[in-house]
Amino acid sequence: SKGKSSSLLHQSWIFVLSQECLYMAQYEVKILCGVKKSSADENTLIGTPLKKETMNRLALTRYAGILVKKLPVKKSILSETIKWPVLHGSFCVRGSSESVNRAIAQSVMLGQKLSVDMNNPDTVVLSVCTKRYRYIFILRWENDQRFDKRRSHLLPAPHPTSLNPKLARAMVNCADPTALLDPFCGSGGILIEAALMGVKCE
């Protein structure tokens, strides 16, 4: 797929988690993606996923990608040597101020023949910051689930105590079942999310 390189296969990945329920978000990544060893820094989790094919099921993760560089947030990017994999075609940098994005782009283009395409790039490079560190990574997955379209008041049988669809999906993922039985299903929030992921429901 776009911008892939064989040199990336065994590198660490970064998962940028949504801000709600961080502990569950971390656990969901570890269970669903087979991350055995990891380190957490605020809403980021660093590790090597052994099961990338299940990444599309993640509920509490916003982005995931291959980590290229971790550096102190106050350190100048241009003063750093960043070892980029060989990329092809076009790219863009997102996630930070214009000056930071420009510095990262300059680093990417050193020794590589690439074009910049902000609308439809072959490779997206993202930069996210915590209080201590800046993480620069190549985007490989973005959560495009529209959980808001499955909120309780939009269901055929709405109920005021129904689970948020994002939380319901995360609960299913943390259990990682092959089949699911929910005899007290209420308005069916958990069963709906499980069924959408191909889990056998009863």
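In the predicted model, tryptophan 13 stands opposite glycine 47, a residue of strand 3. This pair belongs to the junction between strand 1, residues 13-17, and strand 3, residues 44-47, which run antiparallel to one another and are joined over four bridges. Strand 3 also pairs with strand 2, again in the antiparallel sense and over four bridges. Within that second pairing, alanine 40 is placed opposite leucine 45 of strand 3. In general, the strands of a sheet pair through backbone hydrogen bonds, and the pairing may be parallel or antiparallel.

These pairings form part of an open sheet of eight strands, arranged in the order 2-3-1-4-8-7-5-6 with mixed pairing. The edges of the sheet are occupied by strand 2 (38-41) and strand 6 (115-116); each has a single partner strand, so one side of each is left without a neighbour in the sheet.

The connection between strand 2 and strand 3 is a hairpin with two residues between the strands. Glutamate 42 lies in this loop and has a positive phi of about 55°, although it is not a glycine. Most residues other than glycine have a negative phi. Glutamate 42 counts as partly exposed because its relative accessibility is 37%, a value between the limits of 20% and 50%. A second residue with a positive phi of about 55° that is not a glycine is cysteine 21. Cysteine 21 is placed in the loop between strand 1 and helix 1. With a relative accessible area of 42%, cysteine 21 is likewise partly exposed.

Threonine 44 is found in strand 3. Its relative accessible area is 1%, and threonine 44 is therefore buried, the limit for this class being under 20%. When residues up to four places away in sequence are not counted, threonine 44 touches Ile14, Phe15, Ser39, Val128, Thr130 and Tyr135. Threonine 44 and isoleucine 136 are 92 residues apart along the chain, and their C-alpha atoms are separated by 12 Å.

Two helix residues were also examined. Glutamine 26 lies in helix 1, which covers residues 22-33. At 16% relative accessibility, glutamine 26 counts as buried. Apart from residues up to four places away in sequence, glutamine 26 touches Leu17, Ala40, Glu42 and Leu45. Among these partners, Ala40 and Leu45 are the residues that stand opposite each other in the pairing with strand 3, while Glu42 is the turn residue of the hairpin. Asparagine 101 is located in helix 2, which covers residues 98-109. Asparagine 101 also counts as buried, at 14% relative accessibility. Leaving aside neighbours within four places in sequence, asparagine 101 is in contact with Val93, Arg94, Gly95 and Ser96.

The protein chain as a whole contains four helices and 10 strands. Along the sequence, these elements follow the pattern β-α-β-β-β-β-α-β-β-β-α-β-α-β. The C-alpha trace spans about 60 × 35 × 30 Å along its principal axes. Of the 202 residues in the chain, 47% are buried. Among contacts with a separation of 6 or more, 67% are made by residues 24 or more positions apart.

The accessible surface of the protein chain comes to about 11,300 Å², and carbon and sulfur atoms account for 54% of this area. The chain carries 28 positive and 16 negative side chains, and the centres of the two sets lie 6 Å apart.

The confidence of the prediction was considered last. The mean pLDDT of the protein chain is 88, and 93% of the residues reach 70 or more. Over residues 1-9, however, the pLDDT is below 50; in the model this stretch has 19 contacts beyond near neighbours in sequence.

How values were computed. Residues are numbered from 1 along each chain as its sequence is written. This is a predicted model: local features need pLDDT of at least 70, side-chain atom pairs count only at pLDDT 80 or more; totals for chains, interfaces and linings use all residues. Side-chain values use heavy atoms; hydrogens and water are left out. Buried means under 20% relative accessible area, exposed over 50%, partly exposed in between (1.4 Å probe, protein chains only). Contact means heavy atoms within 4.5 Å. Accessible areas come from the Shrake-Rupley method with a 1.4 Å probe; for residues, only the protein chains shown count as cover. Lys and Arg count as positive and Asp and Glu as negative; His and the chain ends are not counted. The place of a charge is taken as NZ of Lys, CZ of Arg, CG of Asp or CD of Glu. pLDDT is the predictor's confidence in each residue, from 0 to 100. Two strands pair if DSSP finds at least two bridges between them.
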